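User: I have a model open and would like to go through it with you. Can we take it piece by piece?
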Amino acid sequence: MPGGIPAGGVLDDDPAPAAAPAADPALLALAAEMVITTQHGSAQMLNRKLRVPFAEAEALMGALEVLMIVGPPAGDSKPRDVLVSPDDLDKVLQPLRAAA
């Protein structure tokens, strides 16, 4: 809709909102390492392996998406695409571990 606000209420040229940082940077680094090494990006896997509540696992996946480690949700109960290869693991983890 030219000159107005679209139906969703968000203008197309608005930048995407940044996700809130994970409460524990060490946990985010561990989640990133697990997702990259296994090449499997799902909240369910983080929930089981890291023993965190599912809502926290979903928040971790959102933070990993903002960091461009995983892609957007692929649909119901499907894992996300992992955008980082295991060869780049150290390069990605270095700033995450520094923040921890």
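User: Which residues does Ser-42 touch, not counting residues up to four places away in sequence?
Analyst: Ser-42 touches Met-61 and Pro-79. Keep in mind that this is a predicted model.

User: Where is Ser-42 found?
Analyst: In the loop between H1 and H2.

User: Is Ser-42 buried or exposed?
Analyst: Ser-42 has a relative accessible area of 13%. Buried means under 20%, so Ser-42 counts as buried.

User: What does the side chain of Ser-42 make a polar contact with?
Analyst: With the side chain of His-40, at 3.3 Å.

User: Let's go to pockets. What volume does the largest pocket have?
Analyst: About 300 Å³. It is lined by 17 residues, and Ser-42 is one of the five closest to the pocket centre. The others in that group are Ala-43, Gln-44, Ser-77 and Lys-78.

User: Which elements give two or more residues to the lining of the largest pocket?
Analyst: Helix H2, residues 43–50, and helix H3, residues 54–66. The largest share, four residues, comes from H2.

User: And by class, what is in the lining of the largest pocket?
Analyst: There are seven nonpolar residues, six polar ones and four charged ones.

User: Stepping back, how many helices and strands does the chain have?
Analyst: Four helices and zero strands. Along the sequence the pattern reads α-α-α-α.

User: What share of the chain do buried residues make up?
Analyst: Buried residues account for 31% of the 100 residues.

User: Of the contacts between residues at least 6 apart in sequence, what share join residues at least 24 apart?
Analyst: For this chain the figure is 49%.

User: Changing topic: how many salt bridges does a search of the whole structure find?
Analyst: Two. In one of them Glu-33 pairs with Arg-97, and their closest N and O atoms are 3.2 Å apart. Glu-33 is in helix H1, residues 25–38, while Arg-97 is in helix H4, residues 89–99. That pair links distant parts of the chain, with the two positions 64 residues apart in sequence.

User: How accessible is Glu-33?
Analyst: Glu-33 has a relative accessible area of 27%, so it counts as partly exposed.

User: And Arg-97?
Analyst: Arg-97 is also partly exposed, at 46% relative accessibility.

User: What about the salt bridge of Glu-65, which side chain does Glu-65 meet there?
Analyst: The side chain of Arg-80, with an N to O distance of 2.7 Å. Because Glu-65 lies in helix H3 and Arg-80 in the loop between H3 and H4, this salt bridge ties together parts of the chain that are 15 residues apart in sequence.

User: Are Glu-65 and Arg-80 buried or exposed?
Analyst: Glu-65 is partly exposed at 30% relative accessibility. Arg-80 is at 16%, and the cut-off for buried is under 20%, so Arg-80 counts as buried.

User: On to backbone angles. What is phi of Arg-51?
Analyst: Near 55°, which is a positive value in a residue other than glycine. Most residues other than glycine have a negative phi. Arg-51 lies in the loop between H2 and H3 and is exposed, with a relative accessible area of 75%.

User: And what is phi of Met-68?
Analyst: Near 60°, again a positive value in a residue other than glycine. Met-68 lies in the loop between H3 and H4. At 62% relative accessibility, Met-68 is exposed.

User: Last one, Val-52. Where does Val-52 lie?
Analyst: In the loop between H2 and H3. With 9% relative accessibility, Val-52 counts as buried.

User: Which residues is Val-52 in contact with, leaving aside its neighbours within four places in sequence?
Analyst: Leu-27, Leu-46, Asn-47 and Ala-57.

User: How many residues apart in sequence are Val-52 and Leu-27?
Analyst: They are 25 residues apart in sequence, and 9.7 Å apart in space from C-alpha to C-alpha.

Technical notes. Residues are numbered from 1 along each chain as its sequence is written. This is a predicted model: local features need pLDDT of at least 70, side-chain atom pairs count only at pLDDT 80 or more; totals for chains, interfaces and linings use all residues. Side-chain values use heavy atoms; hydrogens and water are left out. On a 1 Å grid over the protein atoms alone, a cavity is a set of points where a 1.4 Å probe fits but cannot get out, and a pocket is an open set with protein on both sides within 12 Å along at least five of seven lines; lining residues have an atom within 4 Å of a point. Grid points are joined across faces, edges and corners, and a volume is the space filled by probe spheres set on the points. Ala, Val, Leu, Ile, Met, Phe, Trp, Tyr, Cys and Pro count as nonpolar, Asp, Glu, Lys and Arg as charged, and the others, Gly among them, as polar. A salt bridge is a side-chain nitrogen of Lys or Arg within 4 Å of a carboxyl oxygen of Asp or Glu. Buried means under 20% relative accessible area, exposed over 50%, partly exposed in between (1.4 Å probe, protein chains only). A polar contact is a pair of N or O atoms within 3.5 Å; within protein, one must be able to donate a hydrogen and the other to accept it, and residues adjacent in sequence count only if both atoms are side-chain atoms. Contact means heavy atoms within 4.5 Å.
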